[in-house]
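Please open the model in your viewer and keep the selection tool at hand. The tour goes from the ligand to the domains around it, and then to one helix.

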Amino acid sequence: GQCITHCPVGALRERDDTEKVWDAIADKDTITVAQIAPAVRTAWGEALGLSREEATVGKIADALHKLGVDYVFDTSFSADLTIMEEGNEFLERFTKGETKVRPMFTSCCPGWIRFIKSQFPHLVPQLSTAKSPQQMFGAVMKTYFADALQVSPNRIFTISVMPCVAKKGESNMELFYEEYSGHDTDVVLTTRELTRMIRSAHIPPFSLENREFDRLMKEYTGAGVIFGVTGGVMEAALRSAYYLVTGKNPDPDAFQDVRNDGKGVKSAEIRIGDAVVKAAVVSGLGNTRCLLQQIERGEVHYDFVEVMACPGGCVGGGGQVIHDGEELAYERGQNLYFLDKNAPLRFSHENPDVQKLYADFMGQPLSHKAHMLLHTDHQAWEMPRPEK
Ligand code: SF4
């Protein structure tokens, strides 16, 4: 099962990892734990004949359980966790006034990480050290969640369902925890691989029901959901940074200036307390190159820059369902904004399960344990190309 992708980050052939997942499910000693990225919910139904209203994320959870996966979570949970780490990291860098190391760049897109490492290596120290939500969730599954189940991390097999081919390379990042060493994420399935598994198991899409996510990492916020669209990481981070600085929540829709409106680059000056944060959001690597050149020539100055390799963000990722000649990233992104608008919680710092994770296990954002499990040294790992 190899197929040509539209992946903009150079991966022309997609590896099929569904066999590894079937093997893990079949092994009775292995506990399979899956996460579903925000952007997957906007596209998976397209391949199965489900309308946007019918293709809820709860039905993906049901499908994964029916395939035999033991526990299923939403990557929006660990997107909230990423905001707690990256938002605090940004405020630390911002308030230290080290203008020469600005801007801080987001680090959750492996297509962008590969690009900066190869094209602008001198800027790598300006990346946030926060791991991506995929990697953070894998680390949490093999530590906090394994402890809660009272099993060794060696028995936990972590699966992530992603809109992205480059995430297969990112999953090679290492995890070290007490006696365990291995990978945060064992297998990455693209949206297309997920729909192939549902089909090959003969699960009728119309039989799927809305199933809740499992505990302990059940809750997620609208801020986590918008990670899947360009500008979403920035908006989620600004919402929580505002709270951290002022002690009050802003209007959750106060930072619409960074939202996707179909342009590849957006910028905004955001007042937070007495300070003004100069933020920029860019998607697509051509746009990114232009922006970095402008920054390097001193033509523009930013404090915090979000970069996504795929135009429109992960909703338009190379692992999504493909329709020839159709560009659905904008429309799928609007779907995530709709889900955020209607979410009961819209601030990452209000996610009760993230709060519990800190209280019971991680301590504080940027604690020693959080650094060990949730952050990385970008210069210490190579990202192999996922194809072959
Ligand atoms: Fe993957 Fe999203 Fe980055 Fe595209 S924008 S390479 S889908 S993480």
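Select domain 1 (18-78 + 132-219 + 351-374) and domain 2 (80-131 + 222-348), whose bounds come from an automatic or database domain assignment; both give residues to the shell around the ligand, so the ligand lies between them. This is a predicted model, in which local features need pLDDT of at least 70 and side-chain atom pairs count only at pLDDT 80 or more, while totals for chains, interfaces and linings use all residues. Residues are numbered from 1 along each chain as its sequence is written.

Now select the ligand and its surroundings, where a residue counts as near if its C-beta atom, placed from the backbone, lies within 6 Å. Of the 14 residues there, Cys109, Gly111, Cys164, Cys314 and Gly317 come nearest.

Next, show the two domains in separate colours: their C-alpha centres lie 23 Å apart. Across the boundary, 35 residues of domain 1 are in contact with 30 residues of domain 2, contact meaning that C-beta atoms, placed from the backbone, lie within 7 Å.

Finally, select helix α9 (residues 232-246); helices (H or I, at least four residues) and strands (E, at least two) are DSSP runs, numbered from the N terminus. Eleven of the 15 residues of α9 are buried, so this helix is largely enclosed by the rest of the structure; buried means that 20 or more other C-beta atoms, placed from the backbone, lie within 10 Å of the residue's own. Among the buried residues are Glu235 and Arg239, and the cover over the buried residues of α9 includes α3 (75-95), β9 (275-283) and α11 (329-341). Step on to glycine 247, which follows α9 and has a positive phi, near 80°.

Technical notes. Buried ≥ 20, exposed ≤ 12 C-beta atoms within 10 Å, placed from the backbone. Contact = placed C-beta atoms within 7 Å.
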